[in-house]
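Here is a walk around one protein model, written for someone who would rather look than wade through output. Keep the viewer open as you read.

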Amino acid sequence: MEQQVYINPEIAEWSKLCKRPAFDYSTLNEIVQPILLDVKENGDAAVRKYAEQFDHVKLDNLWVTKDEMVAAALTVPEELKAAIQVAVDNISRFHLSQVEQPQVIETATGVYCWRKSVGIQNVGLYIPGGTAPLFSTLLMLAIPAKIAGCKNIIVSTPTNSKGEVNPIVLYAARLLGLTKIYKAGGVQAIAAMAFGTETMTQAYKIFGPGNQYVTAAKQLVNSMGTAIDMPAGPSELAVYADETSNPAFIASDLLSQAEHGADSQVVLLASSASLVSAVQGEIDQQLQSLPRASIASQALKNSRFIVMDEPANAFAFLNVYAPEHLIIASDHATDLAEKVLNAGSVFLGNYSPESAGDYASGTNHTLPTNGYAKAYSGVSVDSFVKKITFQQLSPEGIKLIGPAIEAMAEAEGLQAHKNAVSIRLSSLKKITSTEEQKIDSNNG
């Protein structure tokens, strides 16, 4: 597949090269907003209506039954069950390491402060269906949610035309002890979780990827008061490659991301034009055998092939691009990784494919896209908790820092703030005075 190759582009060109496939969100919002409001007003009936309209399925029961869960498990091959268990074990091990124990800090004598992580009580997990039911995403979201201590975990995922949820999704849900699986996809699913329905408890925070309509719906419900994991869009991958990399490996990585969807984007930063040419040849060869070749080919139209012979310039560009996934395909990857400032998840060396993070290495694959890695992190246990701060002052503590609080409050013109301290200090002075009088009386 012949594509334009950019050779040492000037900094002035970088912003153009960093552009992602664009969507007209104003048009999308005009489509999405009425659906959100309809579900908010009419609940499950509206969800059923849109399931019939968009997914061509009539749903009598919006919830997956226990019998459906059991039956689904019987259809999953034992080899796949074993593979899923490997992923569950690694994802659990990595995310368990993120749990923080409260640490009480004495900031001044008698002044104790600490922070406690408390799981968000109601969370909604959106698991896409469509061309690729992402059961791996359920693992990536549900495992940290359970570790965080979320009490009410609702999963929403679309069905096929027979009203059936993908059996592997149901197997993964049952394996993780999830029982609330709602049969809804698209905008109506986001609306049901955001506002609640007659049968669904409202979620305080919604997680999960989706197409542009789901993305627009998440952003809109976020503006209406429901928290979301992060702004996200189509998936993307950047690869840095030098003379120590393997062109066949690189091509396979670029194609693995391109097959996600026609709106995905892949970027190759290579140290030489000959390396780019070798990778392009491998892409053409590998593409022929892919079942999703047409999708990958469409995505490759959004790709960028860039030659930068100076690693410092290459990583300066990558930090501007801020990729969701970054592979450093080099024998010097560990040293080069020190140059990374903005990325969702980084894969080091020639034997660390992005697929490892998608499935089984243990890190989370729900990551910021579209340059949001400059300010956002991927999903973790922290995503599912609120961190509540506590403080406790002893009489000695309030006496020690009280005068500073009084002075600052008075400077801001907040007399009641000052009084809240002054009244306590005055009380302590009276107590001290009374105690001193008792001591003098006893000594007399």
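The lining of the largest cavity is mostly a polar affair: 6 of its residues are polar, 2 are nonpolar and 2 are charged. Before going further, remember that this is a predicted model. That cavity has a volume of about 30 Å³, and a search of the whole structure turns up 1 cavity of 30 Å³ or more. Two elements give two or more residues to its lining, namely β13 (345-348) and α15 (354-359). Which element supplies the largest share of the lining? That is α15, with 3 residues. If you want to click through the wall yourself, pick out His 325, Ser 345, Phe 347, Glu 354, Gly 357, Asp 358, Thr 363, Asn 364, His 365 and Leu 367.

Strand β13 is worth a stop. In a regular strand the side chains alternate between the two faces of the sheet. On β13, Ser 345 and Phe 347 point to one face and are buried, whereas Val 346 and Leu 348 point to the other face and are not buried. Ser 345 and Phe 347 also turn up in the cavity lining. The partner strand is β12 (residues 325-329), which pairs with β13 in the parallel sense over 4 bridges. Across that pairing, Ile 328 stands opposite Leu 348.

Elsewhere in the chain, 5 strands make an open sheet, in the order β6-β5-β4-β7-β8, with parallel pairing. The edges are β6 (181-183) and β8 (227-228), each of which pairs on one side only. Inside that order, β4 (residues 122-126) runs parallel to β7 (residues 205-207), and 3 bridges join the two. One pair to look up is Gly 124, whose bridge partner in β7 is Ile 206.

Ser 383 brings us back to β7. It sits in the loop between α15 and β14. Is Ser 383 buried or exposed? With a relative accessible area of 14%, Ser 383 is buried, because the cut-off for buried is under 20%. Leaving aside neighbours within four places in sequence, Ser 383 is in contact with Ile 120, Lys 205, Phe 207 and Gly 378. Lys 205 and Phe 207 fall at the two ends of β7 (residues 205-207).

Asn 370 is found in the loop between α15 and β14 (385-393) too, and its backbone is a bit unusual. Most residues other than glycine have a negative phi. Asn 370 instead has a positive phi, near 60 degrees. His 56 also has a positive phi, near 60 degrees, and it lies in the loop between α3 (44-54) and α4 (66-75).

Val 86 is another residue to find, this time in helix α5 (residues 78-96). In sequence Val 86 and Gly 362 are 276 residues apart, yet their C-alpha atoms are 9.5 Å apart in space.

Here are the accessibility values for the residues singled out above.

| Residue | Relative accessible area | Class |
|---|---|---|
| His 56 | 61% | exposed |
| Val 86 | 46% | partly exposed |
| Asn 370 | 43% | partly exposed |
| Ser 383 | 14% | buried |

Asn 370 has one more role in this tour, at the second largest pocket. The volume of that pocket is about 210 Å³. Its lining counts 17 residues, and the closest to the centre are Pro 21, Tyr 25, Gly 233, Pro 234 and Asn 370. By type, the lining splits into 7 nonpolar, 7 polar and 3 charged residues.

Now zoom out to the whole chain. How many helices and strands does it have? There are 17 helices and 14 strands. Of the 444 residues, 47% count as buried. Measured off along the principal axes, the C-alpha atoms fill a box of roughly 105 × 60 × 45 Å. The accessible surface comes to about 21600 Å², and 53% of that belongs to carbon and sulfur atoms. Among contacts with a separation of 6 or more, 75% are between residues 24 or more positions apart.

Technical notes:
Residues numbered from 1 in each chain as written. Predicted model: local features only at pLDDT ≥ 70, side-chain atom pairs only at ≥ 80, totals over all residues. Heavy atoms only, no water. 1 Å grid on protein atoms, 1.4 Å probe; cavity = no way out; pocket = protein on both sides within 12 Å on 5 of 7 lines; lining within 4 Å. Points joined across faces, edges and corners; volume = space filled by probe spheres on them. Nonpolar A, V, L, I, M, F, W, Y, C, P; charged D, E, K, R; others polar. Buried < 20%, exposed > 50% of the residue type's maximum accessible area, 1.4 Å probe, protein only. Contact = heavy atoms within 4.5 Å. Areas by Shrake-Rupley, 256 points an atom, 1.4 Å probe, with all protein chains shown as cover. Pairing = 2+ DSSP bridges.
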